[in-house]
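Here's a model to walk through by question and answer. Have a look at the sequence and fold, then follow along.

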Amino acid sequence: MPPTRPGPNLSRIATSLGVSVATVSNALSGKGRVSEQLADKIKEHAAQLGYVPSQAGRALRTGRSGVLGLVLPDIANPLFPKLAQAIEFAASAAGYGVLIADSRGEVAPQTEAINRLIERGVEGMVIVPRRATRISAAACPVAVIDTPSTPGNTVAADHMQGGWAIANHLAELGHRRVLIIGNNPGSNVQNDRACGIRSGLRPGMSSTTLWIETLERQNGSGCSLGLAAKVHEGYTAFAALSDLQALRALTELQRDGIHVPHMASVTGFDDLIWSPVITPSLTTVAMDVHAIAGIAISSLLQTIQTRGSREGVLVTSEIDRVPMQLIMRQSSGPADPTRISRQTENS
């Protein structure tokens, strides 16, 4: 099979128009002294020939790769492809490509991913850090997306405000006892969400926190969370700190004969793609990933333009948190008044 014919280069365009390569280069880049009429003619001819600028050639001329890096903690988590897509959209709109790396939720792979992206010549990077780790400046500007309480954070969802919204929603439904369900007590994001829920509890309400990883260390992976027993103890609301944990809670409650939401309400975080279509559909709070991505990329590129791409610095932004939105669906409903009255009698 014959090799694929390469696209036209600058010299072919110059030869066909009878002008110099420098003139073609200046016309296509918008630099130098080229009349508007000739520049339009060159651009039109280049488009007809299917000319595509060489990113490698541009990098050699300008010292810039036109590429950003993105380090995620777990691409298998349904939340992160949504964020990656939003980052890619924002970067593409600014004329940049994106290289993605997965840290697999571990510190060593996270460090390796950062170094590998630096070696590939990225001008800057966006990092969603491995839980409970701090990102020091790499050899290029770094924008961090984690939670506003994380040192060095650039921008993130307002996770505490999201937790407060969940607590307020459950309070308005008449719930008194809330079980907060998280995965890992070392997660800055989940701790902020839990803190937000606790801060939103009204007088007469109380909460307890169940950490799944702690329970699984004791009883094995995939063990029962004991939620049916919690219902019988008087808990009427289960506030999971992610939709993944909410799905686990919902599945276990239904398996054990607890009707949701008539006997217990379940809420989550993140509004993952399947959250509206499970039965019952999941009440949750959603991140505005496009707003977060836009702020992260614009702040990162502003830093690159003012300080260069070879200086390690943590990027700051005037807006460091984006509000979360409560989405009410079928998995949350009014607390059973008979259970509330029994709680009052036993208190």
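Q: Is Arg321 buried, partly exposed or exposed?
A: The cut-offs are under 20% relative accessible area for buried, over 50% for exposed and partly exposed in between, with a 1.4 Å probe and protein chains only. Arg321 has a relative accessible area of 39%, so the label is partly exposed.

Q: Which residue forms a salt bridge with Arg321?
A: First, the ground rules: this is a predicted model, where local features need pLDDT of at least 70 and side-chain atom pairs count only at pLDDT 80 or more, while totals for chains, interfaces and linings use all residues. Residues are numbered from 1 along each chain as its sequence is written, and side-chain values use heavy atoms, with hydrogens and water left out. A salt bridge here is a side-chain nitrogen of Lys or Arg within 4 Å of a carboxyl oxygen of Asp or Glu. With the closest N and O atoms 3.0 Å apart, the partner of Arg321 is Asp320.

Q: How many salt bridges does a search of the whole structure find?
A: Another of these pairs is Asp256 with Arg255, whose closest N and O atoms are 3.1 Å apart. Asp256 is partly exposed at 37% relative accessibility, and Arg255 is exposed at 57%. Over the whole structure, the search turns up eight.

Q: How many residues apart in sequence are the parts that Asp271 and Arg329 tie together?
A: Asp271 and Arg329 form a salt bridge, with 2.9 Å between the closest N and O atoms. Asp271 sits in the loop between β9 (265–267) and β10 (284–286), and Arg329 in the loop between β13 (325–327) and α13 (337–346), so the parts tied together are apart in sequence by 58 residues. Helices (H or I, at least four residues) and strands (E, at least two) are DSSP runs, numbered from the N terminus.

Q: What is the phi of Asp271?
A: Most residues other than glycine have a negative phi, and most peptide bonds are trans. In the loop between β9 and β10, Asp270 goes against that sign with a phi near 105°, and Asp270 counts as buried at 6% relative accessibility. Asp271 is in the loop between β9 and β10 too and is buried at 16%. The phi of Asp271 is also positive, near 50°.

Q: Which residue does a cis peptide bond join to Val260?
A: The partner's place is in the loop between α11 and β9. The omega of this bond is about 15°, and the residue joined to Val260 is Pro261.

Q: What is the omega of the peptide bond from Thr279 to Pro280?
A: Pro280 is found in the loop between β9 and β10. The bond from Thr279 to Pro280 is cis, with omega near -10°.

Q: Why do the buried residues of α9 line one face of the helix?
A: Helix α9 (residues 212–219) has Ile212, Glu213 and Leu215 as its buried residues. The arc is taken from the directions from the helix axis to the C-beta atoms. Seen down the axis of α9, the buried residues line one face because they fall within an arc of 160°.

Q: What do the buried residues of α9 pack against?
A: Turned away from the buried side of α9 are the exposed residues Arg217 and Gln218. Contact means heavy atoms within 4.5 Å. The packing partners of the buried residues are β6, β7 and α11 (243–255).

Q: Which residue in β7 is the bridge partner of Ile180?
A: Strand β6 (residues 177–182) and strand β7 (residues 206–211) run parallel, joined by six bridges; two strands pair if DSSP finds at least two bridges between them. In β7, the partner of Ile180 is Thr209.

Q: What is the strand order of the five-strand open sheet?
A: The pairing in this sheet is parallel. Its edge strands, each pairing on one side only, are β2 (97–102) and β11 (313–314). The order is β2-β1-β3-β4-β11.

Q: Which residue in β4 is the bridge partner of Val126?
A: Strand β3 (residues 124–127) and strand β4 (residues 141–144) pair in the parallel sense over three bridges. In β4, the partner of Val126 is Ala143.
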